[in-house]
Amino acid sequence: MQYQRSSTLFKQAKKVIPGGVNSPVRAFNAVGGTPIFLTHAKGAYLYDEDQNRYIDFIASWGPMILGHAHPKVVAAIQARAEKGTSYGIPTALETEIAERALSMVPYMDQIRFVNSGTEACMSAVRLARGFTGRDKIIKFAGCYHGHADAFLIQAGSGAITFGSPNSPGVTAGTAKDTLLAAYNNLEHVNEIFRANPEQIAAIIVEPVAGNMGCILPQVGFLEGLRSLCDAHGAILIFDEVMTGFRLAQGGAQECLGVRADLVTYGKVIGGGLPVGAFAARKEIMDFLAPLGPVYQAGTLSGNPLAMTAGLTMLNLLHAHPETYTSLADKTALLHREMIPLLEEKGLPYQINRLGSMMSLHFTDTPVVDFETAAKGNNDYFKKYFHGMLKFGVYLPPSAFESYFLNDAISQKDLEHTLEAFSETIKAL
Ligand SMILES: *Cc1c(COP(=O)(O)O)cnc(C)c1O
């Protein structure tokens with residue numbers, strides 16, 4: 001494959017955009033090489049500036065669950081754009097998408113729309129703090145909740161982990177209110193509660209982690225977080241920005257049968273336009289401005305263009321629940337067929353999968369948290385990523401990201417992917 005034009009465009013971009021990209025993972029830092037620049041995408045395929053075509057396994061990191069440029073979503077966006085794209089004044093559309101979203105997810109009474117997953121998580125934490133009157137939150141190492149200051153925290157030293165900033169610009173004052181626990185480690189969470197009595201406002205967790213590869217909650221983990229929150233009067237926040245409307249209509253809450261108090265959404269809910277949202281029962285949402293004291297706002301929040309894209313996407317998923325079985329079957333097929341090829345080559349590997357999320361780590365150790373995810377062999381991963389790319393298969397360009405299947409991927413695409421996989425693995 002040729003990447004000449006992409007390479008030229010990347011050089012040009014680097015002059016005017018830091019690192020040439022508007023979000024770091026796109027720069028291929030984890031895998032090396034030059035990021036491809038796209039001209040367009042349709043269905044399961046990405047098309048780049050050098051006339052290469054790729055089967056897409058990231059779906060814009062989740063949103064394009066039905067494939068790119070879905071005709072119904074495109075038509076709805078086009079029709080809506082004619083009528084103006086933002087007013088800063090309410091529309092009936094906002095109520096319609098709120099009703100549709102709430103009809104699909106369990107336990108939630110009200111929802112507020114914002115413009116990104118970051119905004120949703122940041123607002124949810126503020127609301128949980130306002131509601132409980134407490135300052136501290138617990139987050140898990142390796143879980144991503146967007147780039148708000150409170151989440152850019154790494155493990156500090158000491159037995160009970162106080163967070164320390166993992167990005168310059170995050171103050172020590174902010175970091176001290178984020179306590180870090182290991183994913184799937186209930187005892188650790190319990191210790192943190194004991195060490196900070198009546199101080200924990202909320203636990204925020206990816207109910208299925210998708211930002212350190214795909215990591216499933218072990219049996220009893222989410223249930224345990226639920227009980228600890230109940231016992232200590234803390235709010236359980238599920239960050240379903242990735243899993244919401246992807247693992248099931250009702251996301252992880254439905255799929256895994258655990259109730260959260262506050263849930264954040266993003267990605268699929270915007271149908272490919274910038275949308276985030278957070279939902280909770282009425283008692284909690286009543287704390288938000290203009291009804292309550294917790295301030296939260298947005299000029300472009302609920303704008304008719306984004307709401308139209310999101311509503312059309314949710315309506316399609318609502319009308320076609322079989323999408324979820326189809327996606328899970330396709331992902332399971334990949335998983336199943338990859339195993340003998342990895343075994344034959346004798347490579348260390350772990351494949352984690354739930355529904356249409358999956359990841360492959362090159363390690364013998366089961367991947368259950370950030371520490372074990374970090375054990376993956378990154379040299380293998382880099383070669384694997386570039387090998388697949390040469391065969392026209394676009395995987396997430398980092399071992400710490402999950403694959404997201406889209407339902408436009410056909411049986412034939414899967415066969416091609418497995419052929420590419422077979423050749424690539426043999427050559428590792
Ligand atoms: C992507 C993601 C976010 C951040 O969403 P943005 O729209 O990128 O701000 C937050 N939480 C999770 C779980 C995500 O996967």
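This passage describes the overall fold of the protein and the setting of one helix, α6.

The structure is a predicted model, in which local features require pLDDT of at least 70 and side-chain atom pairs count only at pLDDT 80 or more, while totals for chains, interfaces and linings use all residues. Residues are numbered from 1 along each chain as its sequence is written, and side-chain values use heavy atoms, with hydrogens and water left out.

The protein contains 14 helices and 16 strands (DSSP runs, H or I of at least four residues for helices and E of at least two for strands, numbered from the N terminus). Its radius of gyration, taken over C-alpha atoms, is 21 Å, which agrees with the value near 22 Å for a compact globule of 428 residues (2.2 Å times the number of residues to the power 0.38). Along the principal axes, the C-alpha atoms fill a box of roughly 55 × 55 × 45 Å.

Of the 428 residues, 54% are buried (under 20% relative accessible area, 1.4 Å probe, protein chains only). Among contacts (heavy atoms within 4.5 Å) with a separation of 6 or more, 71% join residues 24 or more positions apart.

Helix α6 spans residues 186-195, and His188, Val189, Ile192 and Phe193 are buried in it. Viewed down the axis of α6, the buried residues fall within an arc of 140 degrees and therefore line one face of the helix (the arc being that of the directions from the helix axis to the C-beta atoms). The elements covering these residues include strands β5 (136-140), β8 (178-181) and β9 (200-205), together with helix α7 (221-232).

Key:
Buried < 20%, exposed > 50% of the residue type's maximum accessible area, 1.4 Å probe, protein only.
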